[in-house]
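Biologist: Hi! Could you walk me through this structure, please?
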Amino acid sequence: MEKIIALLDCNNFYASCERAFNPALNGKPIVILSNNDGCIIARSNEAKALGIPMGEPYFKAKHIIENNNVKVFSSNYTLYGDMSARVMATLAEFVKDIEIYSIDEAFIDLTNYPEPEKLANTIRQSVGKWTGIPVSIGIGQTKTLAKAANRVAKKYKSYNGVFRIDAEERRQKALKSMHVGDVWGIGRQINKKLASCNINTAYDLSIQPDNWIKSNLTICGLRTAQELRGNACIEFEETPEARKSIVVSRSFGGTVFEHQGIKEALSNFAERAAVKLRGDGLLAKRAQVFLYHELVARGGSNHNSTITVEFDYPTDSTCEIIKATSAAISSMFVAGMGYKKCGLVLLGLINKAGFTKDLFDNRNLHKQDSVMQAMDYLNNSMGSGTIMLASSKGKGGWVAKKDNKSFCYTTRWDELPVVH
DNA sequence: TCTGGGGTCCTAGGACCC
DNA sequence: TCTGGGGTCCTAGGACCC
């Protein structure tokens, strides 16, 4: 049966979060910076209108920012994550089948609702009212068409934030007005390739023969084309699949030359990764550890900068993870080198609930778990960093820059908004 | 001088997404 | 001088097995 899929997307999400607690920012240009205050990763409409591109390094855009009095924020993921949860909770008041796709997007299956557009309008208004976050909703027969419809909803004010691709005529019109590079699933590389074949709009791509698409763009491109034609190839997934990896990595605030500083940074990142692992009830079988020096950060070769370590047994223990990854990063460290970034990836993730010890595993898992549970409890209830391993504590020369952070208005008692 | 074929699993790299 | 972080999937190639 034909489905009706909607995509709800928060408008300029991070910028809208900052505004929700600081109404003086309404109508003003604002930008949000990535970790380490490196790049611009979100912009209000006013900032977009000034010609500040997405992903632009902060220092390159500084002149536009200063000349136009643009407000600048370091990213505040605690705030954005909490606001995201509020938006999703509001959505759940109205519909049952929701697939949370990213921090600011959700697909909704509206197949069994009699008046999808009317419902979408109600959702949009309610989310705006209850959370302060403006959203747009696109509706179509497939996820890719819902994405395309969402672009139309955002672009043309007259639709009031909701647009549905229902009839064939509307589908063709929407696809003909859409650049192929803006289609969900078509990135820079494929866009370049398509341009050289004179395929410029979403519609152009949708009418290419299947075998041409498959041999030039692989199976992924073919799926996208099918979806544009209205044939669903990308499943709607209400229950998210178990994650397959956990990454924690950071660029350093400055260049780090000391072995101790590198170990300290990685120890911090490993602690975060282990907390995520336990939060999801998973165990990791191995970790990839990487350490990049200055030349790599500037785009040079990253030869010999990654090591994979296999844990003796699947683990979620902060101590075991730090011990193994710390040894790996030490073996990569070269005295005299200036380092810019390091991190780890936990892989081979399995469900802790289904894990049974083998005969040779002589760890005292019960004791280990009790310690970890106590650590997690203290850090959850009294703030992260309340208790940590000694190896994570130090001078912190690697800590990232964050010069313009807003308050955690919704998650810290001492940073609640004040009404005068 | 001559040197198979088919299958699986793993990994690295590249593409995409937000 | 200063350029993020966290994910997914696909493909090709190597190792290994019979």
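Modeller: Sure, here is a short tour, one topic at a time.

Biologist: What kind of model is this, and how are things numbered?
Modeller: This is a predicted model, where local features need pLDDT of at least 70 and side-chain atom pairs count only at pLDDT 80 or more, while totals for chains, interfaces and linings use all residues. Residues are numbered from 1 along each chain as its sequence is written, chains are lettered from A and ligands numbered from 1 in the order in which they are written, and side-chain values use heavy atoms, with hydrogens and water left out.

Biologist: How many helices and strands does chain A have?
Modeller: Chain A has 14 helices and 12 strands. Helices (H or I, at least four residues) and strands (E, at least two) are DSSP runs, numbered from the N terminus.

Biologist: And what does chain A span along its principal axes?
Modeller: The C-alpha trace of chain A spans about 65 × 55 × 45 Å. Its radius of gyration is 24 Å, which agrees with the value near 22 Å for a compact globule of 420 residues. That radius is taken over C-alpha atoms, and the globule rule is 2.2 Å times the number of residues to the power 0.38.

Biologist: How much of chain A counts as buried?
Modeller: Of its 420 residues, 45% count as buried. Buried means under 20% relative accessible area, exposed means over 50%, and partly exposed is in between (1.4 Å probe, protein chains only).

Biologist: Let's look at a strand. How many residues of strand 7 are buried?
Modeller: Six of the six residues in strand 7 (residues 135-140) are buried. On one side sit Val135, Ile137 and Ile139, on the other Ser136, Gly138 and Gly140, and both faces are covered.

Biologist: Which strands does strand 7 pair with?
Modeller: Strand 1 (residues 5-10) pairs with strand 7 in the antiparallel sense over six bridges, and Ala6 stands opposite Ile139 there. Strand 8 (residues 162-164) runs parallel to strand 7, joined by three bridges, with Gly138 opposite Phe163. Two strands pair if DSSP finds at least two bridges between them.

Biologist: In what order do the strands of the open sheet of three come?
Modeller: The order is 3-2-4, with mixed pairing. Strand 3 (40-43) and strand 4 (71-74) are the edge strands, each pairing on one side only. Strand 2 (residues 30-33) pairs with strand 4 in the parallel sense over four bridges, and Ile32 stands opposite Phe73.

Biologist: What is special about phi in Asp37?
Modeller: Phi of Asp37 is near 50°, a positive value in a residue other than glycine. Most residues other than glycine have a negative phi. Asp37 is found in the loop between strand 2 and strand 3, and it counts as buried because its relative accessibility is 8%.

Biologist: Now the DNA. Which residues come nearest to strand B?
Modeller: Of the 15 residues around DNA strand B, Asp104, Glu105, Lys147, Gly187 and Ile190 come nearest. A residue is near a strand if one of its heavy atoms lies within 4 Å of it.

Biologist: Which part of strand B lies within 4 Å of the protein, bases or sugar and phosphate?
Modeller: Sugar or phosphate: 100% of those atoms belong there. A backbone N or O atom of Gly187 lies 3.2 Å from a phosphate oxygen of DNA strand B, and a polar backbone atom of Ile190 is 3.0 Å from a phosphate oxygen. For polar contacts with DNA, we look for a pair of N or O atoms within 3.5 Å.

Biologist: Where does the largest share of that surface come from?
Modeller: Helix 8 supplies the largest share of the surface near DNA strand B, three residues.

Biologist: And how about strand C: which residues come nearest?
Modeller: Of the 23 residues around DNA strand C, the nearest are Asn35, Arg243, Val247, Ser249 and Ser251. Here 68% of the DNA atoms within 4 Å of the protein belong to sugar or phosphate and the rest to bases.

Biologist: Which distances do Ser34 and Asn35 show?
Modeller: An N or O atom in the side chain of Ser34 is 2.8 Å from a sugar or linking oxygen of DNA strand C. For the side chain of Asn35, an N or O atom is 2.7 Å from a phosphate oxygen of DNA strand C.

Biologist: Which element gives the most to the surface near strand C?
Modeller: That is strand 9 of the protein, with six residues.

Definitions and conventions:
A polar contact is a pair of N or O atoms within 3.5 Å; within protein, one must be able to donate a hydrogen and the other to accept it, and residues adjacent in sequence count only if both atoms are side-chain atoms.
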